[in-house]
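Me: I would like to go through this model by asking about one thing at a time. Please keep the replies plain.

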Amino acid sequence: MLSLSIFSSSQRISVALYEGKLLKKFFEKIIKGKQNDSIFLLINKVINKKMSISNIFFSVGPGSFTALRALKAIAQAFAFSYKAKIINVTEFEIYLSCLKNNENNILVFYENFNNKFFYQLFKHKNKLYIPDSNLLVGDLENLQKFINEESKKNKDFILVSNSYKFFSSLNWGKKDKKKVFKPCAKLIANAVFSGYGQSNKSLIYHHTYYE
């Protein structure tokens with residue numbers, strides 16, 4: 001059984017091909033300009049029409065509604081062509097599936113556009129992480145305020161993001177309480193294999209993204 005995993009952000013795109021849970025091919029590219037044009041070139045490197053693709057993996061966000069709609073359309077086109085099943089994870093679940101020690105009080109945050117951050121608190125339950133707060137959107141000052149408030153409630157508080165640069169901006173110097181992961185097609189597949197994958201999730205975006 002072959003599965004195609006696709007990832008697209010404003011900085012990087014990547015695709016991965018799996019046979020079962022075994023990685024067969026992976027390509028990644030730093031992008032400039034339109035991302036959705038380039039992702040077809042990567043996809044063509046890993047699949048051909050003679051293959052039998054069973055699953056298509058991609059993230060439903062949160063993020064830009066336009067970008068997510070474009071990525072969904074690409075996934076749907078390939079799913080239709082190969083009669084494959086679409087399986088989704090959220091952007092947060094990409095990060096959460098990388099955590100190995102079943103920690104509680106996890107705050108995942110990442111910068112998306114216009115100096116705005118998506119962030120949400122999670123706790124561990126039944127081998128998976130589940131939301132422990134609403135999805136929030138704000139600038140660095142909003143994020144810092146939320147972290148300060150949550151730190152007072154929870155001594156063992158762990159921050160998870162996609163870049164170390166944010167931790168210095170947030171004055172968060174606790175080495176064992178910060179983790180960084182770079183989302184890509186491989187980590188999307190890892191999230192699916194870890195139990196987060198669901199069929200045809202709705203896209204997640206936030207109206208304040210456009211403010």
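Me: Which element gives the largest share of the lining of the largest pocket?

Reply: This is a predicted model, so local features need pLDDT of at least 70 and side-chain atom pairs count only at pLDDT 80 or more, while totals for chains, interfaces and linings use all residues. Residues are numbered from 1 along each chain as its sequence is written, and side-chain values use heavy atoms, with hydrogens and water left out. A pocket is an open set of points on a 1 Å grid over the protein atoms alone where a 1.4 Å probe fits, with protein on both sides within 12 Å along at least five of seven lines, and its lining residues have an atom within 4 Å of a point. Two or more lining residues come from each of β1, α2 (65-82), α3, β6 and α5 (165-169), and the largest share, four residues, belongs to β6.

Me: Which residues of the lining are the closest to the centre of the largest pocket?

Reply: Helices (H or I, at least four residues) and strands (E, at least two) are DSSP runs numbered from the N terminus. One of the central residues, Ser-9, sits in the loop between β1 (2-8) and β2. Of the 30 residues in the lining, the closest to the centre are Ser-9, Ser-10, Gln-11, Glu-111 and Asn-112.

Me: Is Ser-9 buried or exposed?

Reply: Buried means under 20% relative accessible area, exposed over 50%, and partly exposed in between (1.4 Å probe, protein chains only). The relative accessibility of Ser-9 is 17%, so this residue counts as buried.

Me: Where does the side chain of Ser-9 reach?

Reply: The target is not Asn-104, as that residue is 28 Å from Ser-9 in space, C-alpha to C-alpha, and 95 residues away in sequence. At 3.2 Å, the side chain of Ser-9 reaches the backbone nitrogen of Gln-11.

Me: Which backbone nitrogen lies 2.8 Å from a polar atom of the side chain of Ser-14?

Reply: Ser-14 is part of strand β2, and its relative accessible area is 0%, so it is buried. Leaving out residues up to four places away in sequence, Ser-14 touches (heavy atoms within 4.5 Å) nine neighbours, among them Phe-7, Phe-26, Leu-42, Cys-184 and Ala-185. The nitrogen at 2.8 Å belongs to Ala-185.

Me: How many disulfides are there?

Reply: A disulfide is a pair of cysteine sulfur atoms within 2.5 Å. For Cys-184 the closest cysteine sulfur is in Cys-98, 8.3 Å away, so it is too far for a bond. Cys-98 is buried at 12%, and Cys-184 is buried at 9%. The count of disulfides is zero.

Me: Which element gives the largest share of the largest nonpolar core?

Reply: A nonpolar core is a set of buried Ala, Val, Leu, Ile, Met, Phe, Trp, Tyr and Cys residues joined through side-chain atoms within 4.5 Å. The largest one has 30 residues, and Leu-96, Ile-106, Val-108 and Val-160 touch the most other members. Elements that give two or more residues to this core include β2 (12-19), α3 (91-96), β6 (106-113) and β7 (116-125). The largest share, seven residues, comes from α6.

Me: What does Val-108 touch?

Reply: Val-108 is among the members of the largest core that touch the most others. Residues up to four places away in sequence are not counted here. The contacts are Phe-92, Tyr-95, Leu-96, Phe-118, Tyr-119, Gln-120, Phe-122 and Val-160.

Me: How many residues does the second, separate core have?

Reply: Its members include Leu-4, Ile-13, Val-15 and Ile-53. The second core is separate from the one above, and its number of residues is 27.

Me: Which residues does the cis peptide bond join?

Reply: Most peptide bonds are trans. Here omega is about 15° at a bond that is cis. The proline involved lies in the loop between β4 (53-59) and α2. The pair joined is Gly-61 and Pro-62.

Me: What is the phi of Asn-200, which is not a glycine?

Reply: Most residues other than glycine have a negative phi. Asn-105, in the loop between α3 and β6, has a positive phi near 55° and is buried at 19%. Asn-200 lies in the segment after β12 (198-199) and is exposed at 54%. The phi of Asn-200 is positive, about 50°.

How values were computed. Polar contact = N/O pair within 3.5 Å; in protein donor to acceptor, adjacent residues only side chain to side chain.
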